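Me: I'd like a close look at one part of this model: its charged pairs. Walk me through them, and tell me about the packing around them too.

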Amino acid sequence: MPPTDRIRDHAGQGAPTVAAQRTRRRLRADRARQLADLLRHQLLTGGFPAGTLPHESALATDYRTSRNTVRQALDLLRAEGLVDRLPGVGTVVVAQKYPHGLDRLMGLAETLREHGHVTNEVRTMGPAPAPTPVAERLHVPAGADVLYIERLRRLNGLPLSLDLTYIPLDIGTALLGADLENTDVFRLLEAITGRRLGHAEITLEAVNADAHSATVLEAPRGAAVLMLERLTHLADGRPVDLEFIRFRGDRITMSGLLHRSL
């Protein structure tokens, strides 16, 4: 066989081998992600009450996969800060995420009352001219003063969210002397107006923490945070509370019950 033919033949044999190796690595990475998703759910729902995960070989048997795939899945969870590996102990749960429901209109303290005590550090509070987008959504004249509040909210002493709130001043003035450190704004709004809150429009997305948010939340700069934008209305439809809430993504998980309607 001429040398050039031997080279072509060797290349032809080698190319599928390299491609096959890449395919195997991709498939293993896919399986590791799938397994990480399943284990994450168990971690967040108390599936490992003792705080320690089963041995890698047991996980491989339970999920019918290889130990290499299990190791990759655990590496993904370790990178998220959910688990760690301790010599002589194994893989342990080191972080907890708290559930925040999206199917009921509740304040943070109401939502997380079963998981500990929520406190509020009021960092800024007072009248401020409403930016045009805020004025439009709260149905007040552009440039009119609204009550602006910035709060750092903690659960059991740990920073959980940074809340920026805008409230029409005719309602917000009464909040100036209220106990915002220990009371949800929702409860105060209902007490001040004498009316129930009705509904809220929400938007949820992931954003990177800016320098200010990261410092306040004690999170790495640029870390992903969950941004919840919420416009809350009284039962009669009046918008009374526009909030931009940045949650630490490593300490909160959002959930809801959805019904299909065509």
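How many salt bridges does the count come to?

Reply: Bear in mind that this is a predicted model. The count comes to 21 salt bridges. Let's take three of them one by one.

Start with Arg-151 and Glu-243, which form a salt bridge with their closest N and O atoms 3.6 Å apart. Arg-151 sits in strand S5 and Glu-243 in strand S9 (residues 239-248), so this pair ties together parts 92 residues apart in sequence. Are the two partners buried or exposed? Arg-151 has a relative accessibility of 0%, so with buried meaning under 20% it counts as buried. Glu-243, at 2% relative accessibility, is buried as well. The pair also belongs to a network: salt bridges with shared partners join Arg-151, Arg-153, Asp-163, Asp-184, Arg-230 and Glu-243.

Next up is Arg-137 with Glu-229, whose side chains meet in a salt bridge at 2.2 Å, N to O. Here helix H5 supplies Arg-137 and strand S8 supplies Glu-229, and the two residues are 92 apart along the chain. Arg-137 comes out at 27% relative accessibility, which means it counts as partly exposed.

Then there's Glu-80 with Arg-40, a salt bridge of 2.6 Å, N to O. It links distant parts of the chain, since Arg-40 belongs to helix H1 (residues 3-44) and Glu-80 to the loop between helix H3 (67-79) and strand S1 (83-86), with their positions 40 residues apart. On the accessibility side, Glu-80 is partly exposed, with a relative accessible area of 33%. Arg-40, with a relative accessible area of 19%, is buried; the cut-off for that is under 20%.

Now for the packing. The largest nonpolar core holds 19 residues, and Leu-138 and Tyr-166 are the ones touching the most other members. Elements giving two or more residues to this core are helix H5 (132-138), strand S5 (145-155), strand S6 (158-168), helix H8 (211-217) and strand S8 (224-234). Helix H5, strand S5 and strand S8 are names you've already met, as the homes of Arg-137, Arg-151 and Glu-229.

If you zoom in on Tyr-166, and leave aside residues up to four places away in sequence, its contacts include Pro-131, Val-134, Leu-138, Val-146, Leu-147 and Tyr-148. Tyr-166 also touches Val-240, Asp-241, Leu-242 and Phe-244. Apart from the largest core lies another one, of 15 residues, including Ala-32, Ala-36, Leu-59 and Leu-82.

Notes: Residues numbered from 1 in each chain as written. Predicted model: local features only at pLDDT ≥ 70, side-chain atom pairs only at ≥ 80, totals over all residues. Heavy atoms only, no water. Core = buried A, V, L, I, M, F, W, Y, C linked by side-chain atoms within 4.5 Å. Buried < 20%, exposed > 50% of the residue type's maximum accessible area, 1.4 Å probe, protein only. Helix = DSSP H or I, 4+ residues; strand = E, 2+ residues; numbered from the N terminus. Contact = heavy atoms within 4.5 Å. Salt bridge = Lys/Arg side-chain N within 4 Å of Asp/Glu carboxyl O.
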